[in-house]
Each structure stands twice: as structure tokens, then as C-alpha cells.
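Please open the model in your viewer and keep the sequence panel beside it, since each stop on this tour begins with a selection.

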Amino acid sequence: MSIFPLSILVAVGFFTTAIMYLKQNVNSYLDIVALLMVLGGTLSVGMMTLPWDLRKDLKLALQKLWKKTGPSYQSALEDCLATMKGQVPTATEGQLHRRILLDGVELLSLGVPTERLQKILEERVHQYGRRQKKVANSLRSLAKYPPAFGLMGTVLGLVNVMNGVSKGLSGKQTAFEMALALVATMYGLVLANLVLNPAGELIQKKASDEEDLGHMAVQTLMLMAQNTSLLEAQETLNSYAPEEQQLHLNSAGLET
């Protein structure tokens, strides 16, 4: 399980514990009308504002939120060094560095000049990051709307309460209906600040990490074009990775 659904489960656990500590009924926080107002309103805005022209990137970004996918710096280093040894990894969806390595080796074999090759691949890395960040920004922009739709649900609930009071609703029932009306605002805040905003932040973080790995792959191909030794390439590529994920090879090219 990836960190995103796990974090949501942790939050739900703490919310439930808080409700139990207050000795309240969980059903008091369940309101189908409020849920429909918030989800329906947010969905309608999303249909208008999400970058549907980037459907593949949007789908890929959302999949990464729920699946434990994506390479680590160490696995990317292994792929880069394997490529240096002539063992080019197969391209995998969502792993930018592998696509760069595969395409770069092919372009090198076709005799594309090194400077031109670098420009082509760097542009691919840049455009990939730009598309993923556009998806992230659209989700963070969408997070502005659920609280507003939650407030609309609360207003709708209060109007219903006032109608009930005018018809002789008891004080106890009036208080309950008012509390239920406020649930819509809570739903909007939860959707915005526990789902949409964190999703956008996480997608942007993953995009930045993938860009780093893409630049590492480009550097690998430049080192190959210069016939750099494996040990020298390893030391150069280790600069991209945190110390705990760096690889250390001996003179025979074996990990130590």
C-alpha cells in the first residue's frame, strides 16, 4: 500500500477515536445530502477544470497515489549502471528514467550527435515534469471548491431547520438538525485538506523525483557517449542519490 491511502486511514482512525472520546454517535456525522452536495459540486467543477487533454498523465498520476509504484534512487542507479554495461532495462509505464535510457541508447546507435541527443532527452524530461505538475496544480486548485460546496450544504440545512422551527419543531430536534447541517462544511474541509490538496502535493513531489531520475538517465547516456569507465560513472551518478541509496562498486563492477 502506498503512503497516500495509508495516511488517509491514519486520519480516519484518529477522527474516529476523537468521536468516541467525546462519547458521540458516529451516525451524527453521516448525512447523505451533505455528501451529495460536496461530491457533486466538486465533481462538476473538476469536469470543467481538470486537464482532460492530458488524460494519460492524469490517469498515471492518480494511479501512483494508490499503488506502491515508482523507482527509488538506488534502483534507478542500478538501471543506469546496467545500461553502462550493455544491459538496457525494458521500458515500464511510469518510470521515466527507463524510457530515457531505452530511447537514448537507440538514438546513440543511430549516430545522433551527443549535444543534440542531450537536448532532445532533457526536453523530454522537462515536458514530462511539466505535464505531471500541471496535473498536480489542477488538483490543488480544485481543493478550493469543496469547502464552498460544504458551506452551501450547511446553508441548505439551516434553511430546512428554519422551516421546521416555523412548523413547531422542538428545541431538541432543532439543535440536532443544526448540528447535522454543519456536517456539510466538515465534509468540504476534509475533502479539500485530506484528499485533494495532499494528492496534488504528493503528485508534484513524485514528479520532481522522477525528473531527478530522468536527469540521471541523461547523464548516464552522456557518460556512455564519452566512453567513461564504470567506476567513474558510478561516482558521478551517485551524486544524484541520497547517501543511504548510493551504490559502491569494486574494480570488477560488482556491488560491495
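Contact, as the word is used on this tour, means heavy atoms within 4.5 Å. Keep in mind throughout that this is a predicted model.

Begin by selecting leucine 221 and the residues around it. Which residues is leucine 221 in contact with, leaving aside its neighbours within four places in sequence? They are Ile100, Leu101, Gly104, Val105, Leu108 and Leu121.

Next, widen the selection to the largest nonpolar core, which has 26 residues, and within it highlight Leu77, Ile100, Leu121, Met216, Leu221 and Leu237, the members that touch the most others. If you colour by helix, you will find that helix 4 (73-84), helix 5, helix 6, helix 8 and helix 9 (230-237) each supply at least two residues of this core, and that the largest share, seven residues, comes from helix 8. Apart from this core lies another one, of 25 residues, and you can locate it by selecting Ala34, Leu58, Leu65 and Ala192, which are among its members. As a general background to such groupings, nonpolar side chains in soluble globular proteins tend to be buried together.

Now show helix 5 (residues 96-109) together with helix 6 (residues 114-142), whose axes lie 11 Å apart and which pack at an angle of about 160°. Because angles over 145 degrees count as roughly antiparallel, helix 5 and helix 6 are described as roughly antiparallel to each other. Helix 5 passes helix 6 in a right-handed crossing. To see the contact itself, display the side of helix 5 formed by Leu96, Ile100, Asp103, Gly104, Leu107 and Leu108, and then, from helix 6, Leu117, Ile120, Leu121, Arg124, Val125 and Tyr128. Sorted by class, this contact has nine nonpolar residues, one polar residue and two charged residues.

Move on to helix 3 (residues 55-66) and helix 8, whose axes come within 10 Å and cross at roughly 100°, so that helix 3 is roughly perpendicular to helix 8. On helix 3, select Ala61, Lys64 and Leu65, and on helix 8 select Ala199, Leu202, Ile203, Lys206 and Glu210, since these residues make the contact. By class, the contact of helix 3 with helix 8 has five nonpolar and three charged residues, with no polar ones.

Finish at serine 208, which is found in helix 8 (residues 171-225). Serine 208 counts as partly exposed because its relative accessibility is 28%. Add arginine 130 to the selection: serine 208 and arginine 130 are 78 residues apart in sequence, and their C-alpha atoms are 9.7 Å apart in space.

Definitions and conventions
Residues are numbered from 1 along each chain as its sequence is written. This is a predicted model: local features need pLDDT of at least 70, side-chain atom pairs count only at pLDDT 80 or more; totals for chains, interfaces and linings use all residues. Side-chain values use heavy atoms; hydrogens and water are left out. Axes are lines fitted to C-alpha atoms, for helices over the stretch in contact, and angles run from 0 to 180 degrees between N-to-C directions. Helices (H or I, at least four residues) and strands (E, at least two) are DSSP runs, numbered from the N terminus. Angles under 35 degrees count as roughly parallel, over 145 as roughly antiparallel, 65 to 115 as roughly perpendicular and the rest as oblique. A crossing is left-handed if the near helix is turned anticlockwise from the far one by less than a right angle, and right-handed if clockwise. Ala, Val, Leu, Ile, Met, Phe, Trp, Tyr, Cys and Pro count as nonpolar, Asp, Glu, Lys and Arg as charged, and the others, Gly among them, as polar. Buried means under 20% relative accessible area, exposed over 50%, partly exposed in between (1.4 Å probe, protein chains only). A nonpolar core is a set of buried Ala, Val, Leu, Ile, Met, Phe, Trp, Tyr and Cys residues joined through side-chain atoms within 4.5 Å.
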